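Here is my note on the structure, point by point. Keep the 3D view open as you read.

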Amino acid sequence: MTARVALVTGAASGIGRVAAARLAATGWTVAAVDLPGDALDSVAETTGAVGFPCDVTDIRLVQTTAEKVRHQLGDVHRLVNAAGIAVAGRIDELPATTFAETMAVNYLGTVHWVQALLPGMRDAGRGDLALIASLAGWMPMPEMGAYTATKFAVVGFAETLAMELRGSGITVRCVCPMAVRTPMLNNIVGEGRHDSMQRLVPFIRPERVVDALEQSLQRRRAGVMVFPDASSAVAWRARRWAPRALAATINRFGMSR
């Protein structure tokens, strides 16, 4: 039997690191993709994944890295795109470069990897495209405008992608957790922002996000969107059916300064 190959971006920390470790532990051959450094080396050493340094914002480097993965490990059967950054701040205070960089990593990085791997999956007539978004892709949050805009883009991209791939044998999932205990979120909370949100919603562990993704992929006819916990599912429904009430709640709890 041909080895199953998964490629995980953002594999050096947070959800990506947990996904890489989980896949490797369950028999997948894993390409762990992140910026070069000790953190990426550590993932390879501790999980058995193969590290591939890459800047997801560089389309040519992404394509070159995808070819290296195919040559070294074989065709990729699953993409878990977890690379992301977040910078907190009011829209009128953040420089334009912050918006550009965040969009380049969170959204265009997603597009680059999908475009790099999709042709091979089409040829094989199968594959999984798992895109880690956020509930921020459905609802706004004060002082998170740069980040929220990118996740709205990922959600729209995933829904469109799923429509275009209907009947292809390729599965698309877009994972939208509320708040996950990752270094990225810890840094934002550590700056004194959104402390009050912890009283409103539980912060879940990245393992729960990966569990929810795997469970959804096992149900091939499940919907595109994956909400890993009750708080994210409830908030999504509130956004759809009671947007004004949800906005009032966010305005009350979403800012701590």
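1. How many aromatic pairs does the rule count? The count comes to 1 aromatic pair. Bear in mind that this is a predicted model.

2. The partners are tyrosine 107 and phenylalanine 157. Their ring centres are 6.0 Å apart, and the planes meet at 85 degrees. That makes the pair edge-to-face, because planes over 60 degrees apart count as such. Tyrosine 107 sits in helix α4 and phenylalanine 157 in helix α5. With these positions 50 residues apart, the pair links distant parts of the chain.

3. Is each ring buried or exposed? Buried means under 20% relative accessible area. Phenylalanine 157 has 17%, so this residue counts as buried. Tyrosine 107 has 23%, so this one counts as partly exposed.

4. Now the nonpolar interior. The largest nonpolar core holds 46 residues. Leu7, Trp113 and Leu129 have the most contacts inside it. Several elements give two or more residues to this core, among them β1 (5–9), β2 (29–34), α3 (59–73) and α5 (145–164). Helix α4 gives the largest share, 8 residues. A second, separate core has 28 residues, including Val30, Ala32, Val43 and Leu217.

5. Look at tryptophan 113. Which residues does it touch, leaving aside neighbours within four places in sequence? Its contacts include Leu7, Val33, Val56, Val62 and Leu79. Thr9, Thr65 and Asn81 are also among them.

6. Next, the charged side chains. The whole structure has 6 salt bridges. One of them joins aspartate 211 to arginine 22, at 2.6 Å from N to O. Aspartate 211 lies in helix α8 (residues 206–218), and arginine 22 lies in helix α1 (residues 14–25). They are 189 residues apart in the chain. Both are partly exposed: aspartate 211 at 32%, arginine 22 at 29%.

7. Arginine 78 forms a salt bridge with glutamate 214, with the closest N and O atoms 2.9 Å apart. This bridge runs from strand β4 (residues 78–81) to helix α8, across 136 residues of chain. Arginine 78 is buried, at 6% relative accessible area. Glutamate 214 is partly exposed, at 28%. Asp128 joins these two in a network of salt bridges.

8. Finally, aspartate 92 and arginine 90 form a salt bridge, and their closest N and O atoms are 3.5 Å apart. Aspartate 92 is exposed, at 62%. Arginine 90 is partly exposed, at 41%.

Technical notes. Residues numbered from 1 in each chain as written. Predicted model: local features only at pLDDT ≥ 70, side-chain atom pairs only at ≥ 80, totals over all residues. Heavy atoms only, no water. Core = buried A, V, L, I, M, F, W, Y, C linked by side-chain atoms within 4.5 Å. Buried < 20%, exposed > 50% of the residue type's maximum accessible area, 1.4 Å probe, protein only. Helix = DSSP H or I, 4+ residues; strand = E, 2+ residues; numbered from the N terminus. Contact = heavy atoms within 4.5 Å. Phe/Tyr/Trp six-rings, centres within 6.5 Å; stacked < 30°, edge-to-face > 60°. Salt bridge = Lys/Arg side-chain N within 4 Å of Asp/Glu carboxyl O.
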